[in-house]
Amino acid sequence: MPSATPVTAEPVEPGRSPWRDAGLRLRKNRLAVFGGGVLLLVALACVAGPWLSPYSYEDIALDHTFSAPCARNWLGTDQLGHDLLVRIFYGGRISLAVGLSATVVALTIGIVYGAVAGFVGGVLDAAMMRIVDILYALPFTLFVILLMVFFGRNIILLFVAIGAVEWLTMARIVRGQVMAVKRMEFVEAARALGFGRRRILFRHILPNILGPVIVYATLTVPSVMLIEAFLSFLGLGVQPPMSSWGVLIKDGAEKMEEFPWLLLFPGAVFSLTLFSLNFLGDGLRDALDVRSSKD
Amino acid sequence: MLRFIRSRLLQSIFALYIIITATFFLLRFVPGGPFTAEKAVPKEILRNLEAHYGLNQPLYRQYFSYLGALVHGDLGPSFKYSNRTVNEILAEKLPVSLELGLWSLAVALLLGLTLGMIAALRRNTWADYLASAVGMIGLSVPSFVIGPLCVLAFAIHAGWFNASGWYFPTDRVLPSLVLGLAYAAPISRLTRGGMLEVLNQDYIRTARAKGASELRVVFKHSLRGGLLPVVSYLGPAIAGILTGSFVIETIFQIPGLGREFVTSAFNRDYTLVLGTVILYATLLMGLNLAADIAQAWMNPKVRLE
C-alpha cells in the first residue's frame, strides 16, 4: 500500500532585506568597492600613520630641509625639515574630521527641517520652503569668507559655517521624500493604530527615506572637504600650527617651482580621497536605486 | 509666464534686501573697524574721520542713509582707499572678473557639451568611458590643485604662458581652462543623461524611421529636450564660476573682484565689502532668474501653464 507521502514543507527561501540586496549590488560595482577601499585605507593611514612614523608633527631637521623624497623621508621635507608624510597624515585627520562633522551638522539640520516641512505640509511647508528658496539664492561663499575673516577663524565656526551652507539641499530632498512616503498605506495603518505624529514621523517615515539620505550624505562629504580646502587655500580656513590638506596644498603651491613634491603629494592624496568619495556615492546611488538608473 | 517672472522677481528683490540688511549689520557688529590700524590714530583724527564718513551718527540713521544712496546707485566712498568711491573700484575690477567668467563658461560649455553628446551617442564605448573619466577628474581634482600644476607645467617648464598677471591675451588661457574644466564635468554628465533620455523617446525612433539623417536627429530633434537639465544647471554653474574665480584670481594674481573682496574684508572696508556683496548677489540672482526663464521657455510643459 503506498503510504501517503508526507507533506514536506516547501523549502522556504530565506527573505532578503532590501538593504542586503543593495549591499550585494554595491559589491558588484567595482569602482565603488575600489573607492570604499581607498577611503578606508586613507582614513586608517591618517589615524594610525603618525603612531607608526618615526617622526612627529613638530620634529624639525634643519640639516634636512626641502629634501626631495628619499629613504629617510619618503615624501620629502618642507622648509623646516618637517616630514611631509606625517604632515599629510595629520592634515588628513583634520580634513576628514571637518568633512564628517560638517556633514553631520548639515544632515541634522536638513533632516529635521525637511521632515517637519514635508510631514506637516500646508502653510508651514510653503513658508519653510520659501525660506530655503531665498537662502539658496544667497552668495554663501561671500558670507562664509566674511565670517571667517571677522570671527577669528576657529575650527568650530568652520564646521558650523559649512554645515549651514550644505543643509539646504538635504532639506529639499528629505521634504520631497517625506511627502511621497507619508501618503503610503503603512503610514495610514500606523495612524489607525493610534500612534502619535512624532512616533509616525521618526519611527515609520524616516527609516524609509534613509536611502536618499545616505547617498546624499556621501556626496556631501567631498563637497564639504572642498569648501574647507578652498577656505584654507585662501588662508581663511584651518590655521597653523594645525594643518589640513588645503593648508598643505596652499603651502606647496607657494613653493612648487623649486620643490614640486610639496604640492604634488598633498594634492594627489586629496584628489584621490575626493575621487573615492564620489565613486562610492555614485555606487551607493545605483545600489540603493535612488534615482532611476537611466543614465 | 509673466506671472511666474513677476513673482520670481519680487522674491529676488526681497532676498536682496535681506542680504543688504544682514551684511550691513554684520559688518557693524564685528570686532575692529576700518580705522583701527596697527599704529593708534590720535583721538581727534579718529573722531574727524568718523564724522567725515558719518560713522558717528546713530546706526539706524547710517542704515537709512545708506539705503537712500543705494536706491540712486551710489555705494558710497571707500573707507580704505581715500578719495575713491566704491562705484569706481567695482567698475574697475568687475570687467576683469566678468571676462574671466565668460571665457571659463565658454570652455565649460564647449568641452562639457561635446563630451556629453559624444558619450550619449557612443554609449558604452571607449569614447563614453573616456568622457566620464574626464568628468570624474574635473569633479574630484580641485582647481587649486590643477591650477598650480598647470602653471608648473605650461608656464614654468614649457614657457608657453606667463605664470601670473592679466596683461596679454595669452594670460587668459590658463585661468579660463582651469576654471572652465571644473564646470565642464557636471555639464557633460547632465548632457549625457538628458540626451540618453531623449534618444530613447518614440519620436526619435519615428524621425529615424522616416530617414532623417543622424545629424538632423541629433541637432534638430534631440538637442532641445536633451539640454534641459543643462540649462537648469547654468544658473548655479555661473554662480559657481563667479565665486570660483576667488581661488583662480589668487593663483594667477588676476586683479579681479574676488581678490579685492577678500582684501576689503581684511581691511574692514565696510562700504567696499557691502558693495561687492550687493553686486555679487544681484548678479547671481539675475543669472538664476534668467536660467529659470530660459528653462521655462524651452520646456513647453512649463511655458504653456
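**Figure 1. Burial and fold of chain A in the predicted model.** Of the 295 residues of chain A, 46% count as buried. The chain holds 11 helices and 0 strands, and its pattern along the sequence reads α-α-α-α-α-α-α-α-α-α-α. Among contacts in chain A with a separation of 6 or more, 70% join residues 24 or more positions apart.

**Figure 2. Burial and fold of chain B.** Chain B has 305 residues, of which 48% count as buried. Helices number 13 and strands 0 in this chain, with the order α-α-α-α-α-α-α-α-α-α-α-α-α along the sequence. The C-alpha trace of chain B spans about 85 × 55 × 30 Å along its principal axes. For contacts in chain B with a separation of 6 or more, residues 24 or more positions apart account for 74%.

**Figure 3. The contact between chain A and chain B.** Chain A contributes 40 residues to the contact and chain B contributes 45 residues. About 3700 Å² is buried between the two chains, and carbon and sulfur atoms give 81% of this area. On the side of chain A, the residues that lose the most area to chain B are A:Leu142, A:Phe150 and A:Phe233, which together make up 17% of what that side buries.

**Figure 4. Polar and charged pairs across the interface, with the elements of chain A that take part.** Between chain A and chain B the count is 1 salt bridge. It pairs B:Arg189 with A:Asp282, whose closest N and O atoms are 2.4 Å apart. Residue pairs in polar contact across the interface, with both residues at pLDDT 80 or more, number 2. On the side of chain A that touches chain B, two or more residues come from each of helix 4 (122-137), helix 5 (140-150), helix 9 (210-233), helix 10 (245-255) and helix 11 (261-287) of chain A. Helix 11 of chain A gives the most to this side, with 11 residues. By residue class, the side of chain A that touches chain B consists of 28 nonpolar, 4 polar and 8 charged residues.

**Figure 5. The largest nonpolar core, centred here on A:Ile145 for display.** This core has 130 residues, and the members that touch the most others are A:Ile145, B:Phe144 and B:Phe246. Helix 10 of chain B (residues 228-251) gives the most to the core, with 13 residues. Leaving aside neighbours within four places in sequence, A:Ile145 is in contact with A:Leu231, A:Leu234 and A:Leu236 of chain A, and with B:Phe246, B:Phe261 and B:Val262 of chain B. A second, separate core contains 15 residues, among them A:Val174, A:Val178, A:Val181 and A:Ile205.

**Figure 6. The surroundings of B:Ser222 in helix 9 of chain B.** The helix that holds B:Ser222 covers residues 214-226. B:Ser222 counts as buried because its relative accessibility is 0%, where the cut-off for buried is under 20%. A polar atom of the B:Ser222 side chain lies 2.7 Å from the backbone oxygen of B:Val217. Apart from neighbours within four places in sequence, the residues in contact with B:Ser222 are B:Met195, B:Val198, B:Leu199, B:Ile204 and B:Val217. B:Val217 thus appears both in this set of contacts and as the residue whose backbone oxygen lies 2.7 Å from the serine side chain.

Key. Residues are numbered from 1 along each chain as its sequence is written. Chains are lettered from A and ligands numbered from 1 in the order in which they are written. Side-chain values use heavy atoms; hydrogens and water are left out. Contact means heavy atoms within 4.5 Å. Buried area is the accessible area (1.4 Å probe) that two parts lose on being put together, summed over both. A salt bridge is a side-chain nitrogen of Lys or Arg within 4 Å of a carboxyl oxygen of Asp or Glu. A polar contact is a pair of N or O atoms within 3.5 Å; within protein, one must be able to donate a hydrogen and the other to accept it, and residues adjacent in sequence count only if both atoms are side-chain atoms. Helices (H or I, at least four residues) and strands (E, at least two) are DSSP runs, numbered from the N terminus. Ala, Val, Leu, Ile, Met, Phe, Trp, Tyr, Cys and Pro count as nonpolar, Asp, Glu, Lys and Arg as charged, and the others, Gly among them, as polar. A nonpolar core is a set of buried Ala, Val, Leu, Ile, Met, Phe, Trp, Tyr and Cys residues joined through side-chain atoms within 4.5 Å. Buried means under 20% relative accessible area, exposed over 50%, partly exposed in between (1.4 Å probe, protein chains only).
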